Amino acid sequence: MNEKDFTEPGQMQRVLKTAWPAVFESFFISLAGMIDTLIMAIFMAVFYFFFGKALFGLFFQEESIIEIGAGISRIIIVIVLFQICQVIFTGCLRGAGDVVYTMICSCVSATFVRTIASYVCCYFCGWGIYGIWMGIVADQFCRLTLSSIRFRGGKWMQIHI
């Protein structure tokens, strides 16, 4: 029997039980770094949300450009939230050898979901440039959804590297 073959009854549970202490320890080590990152992300989100106009005002004088820039930066706050989670899930899947699935998800989402959502939001909803950025929100949300479904499904654990 191949050492990576989990066909023996209960073998997968024993492997997960053995690996759990290492995962638990890694979680707490990474949690310390995540808290710093989370604090910085919250600070930056609050800054861009409340002071975005002032920031764009440093570089532009036209009020319409300042308004558009501030609006886009608020949308980017949402994009980053989805993107952070999506990158973690896809990174885990790629690290486990599930590169084909993550590549297909990324290509389909960036090519079709982003394009169609941007077009619909831009022209049919009449949101203009904001609609384009909403297409990016849809893209990141789609990638997050697909990668989290794959991760929770556990199929990646059966891939032989």
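**Exercise 1. Determine which residues S118 contacts beyond its neighbours within four places in sequence, and place G135 in the same setting.**

Solution. Leaving aside neighbours within four places in sequence, S118 is in contact with G131, I132, G135 and I136, where contact means heavy atoms within 4.5 Å. The model is predicted: local features need pLDDT of at least 70, side-chain atom pairs count only at pLDDT 80 or more, and totals for chains, interfaces and linings use all residues. Residues are numbered from 1 along each chain as its sequence is written, and side-chain values use heavy atoms, with hydrogens and water left out.

Step 1. S118 belongs to helix α3; helices (H or I, at least four residues) and strands (E, at least two) are DSSP runs, numbered from the N terminus.

Step 2. S118 counts as buried because its relative accessibility is 11%. The classes are buried under 20% relative accessible area, exposed over 50%, and partly exposed in between, with a 1.4 Å probe and protein chains only.

Step 3. G135 is located in helix α4 (residues 129-153). With residues up to four places away in sequence not counted, G135 touches R114, A117 and S118. The relative accessible area of G135 is 0%, so this residue is buried.

Step 4. G135 and C121 stand 14 residues apart in sequence, while their C-alpha atoms are 7.2 Å apart in space.

**Exercise 2. Describe the packing of helix α2 with helix α3 and the setting of T90.**

Solution. Step 1. Helix α2 (residues 63-95) packs with helix α3 (residues 99-124) at an angle of about 145 degrees, and their axes are 7 Å apart. Axes are lines fitted to C-alpha atoms, for helices over the stretch in contact, and angles run from 0 to 180 degrees between N-to-C directions.

Step 2. On the α2 side the contact is made by T90, L93 and R94, and on the α3 side by V99, Y101 and T102.

Step 3. By class, this contact of α2 with α3 has three nonpolar, two polar and one charged residues. Ala, Val, Leu, Ile, Met, Phe, Trp, Tyr, Cys and Pro count as nonpolar, Asp, Glu, Lys and Arg as charged, and the others, Gly among them, as polar.

Step 4. T90, in helix α2, counts as buried because its relative accessibility is 8%. Residues up to four places away in sequence not counted, T90 touches T102 and S147.

**Exercise 3. Establish how many disulfides the whole structure contains, and examine C122.**

Solution. Step 1. A search of the whole structure finds zero disulfides, a disulfide being a pair of cysteine sulfur atoms within 2.5 Å.

Step 2. For C122 the closest cysteine sulfur is that of C121, at 8.7 Å, which is too far for a bond.

Step 3. C122 is buried at 14% relative accessibility, whereas C92 is partly exposed at 37%.

**Exercise 4. Characterise the lining of the largest pocket and the overall architecture.**

Solution. Step 1. Of the 16 residues that line the largest pocket, the closest to its centre are T37, A41, V80, L81 and I84.

Step 2. Helices α1 (11-57) and α2 each supply at least two residues of this lining. The lining divides into 14 nonpolar, two polar and no charged residues.

Step 3. The protein has four helices and zero strands, and buried residues make up 24% of its 161 residues.

Conventions: On a 1 Å grid over the protein atoms alone, a cavity is a set of points where a 1.4 Å probe fits but cannot get out, and a pocket is an open set with protein on both sides within 12 Å along at least five of seven lines; lining residues have an atom within 4 Å of a point.
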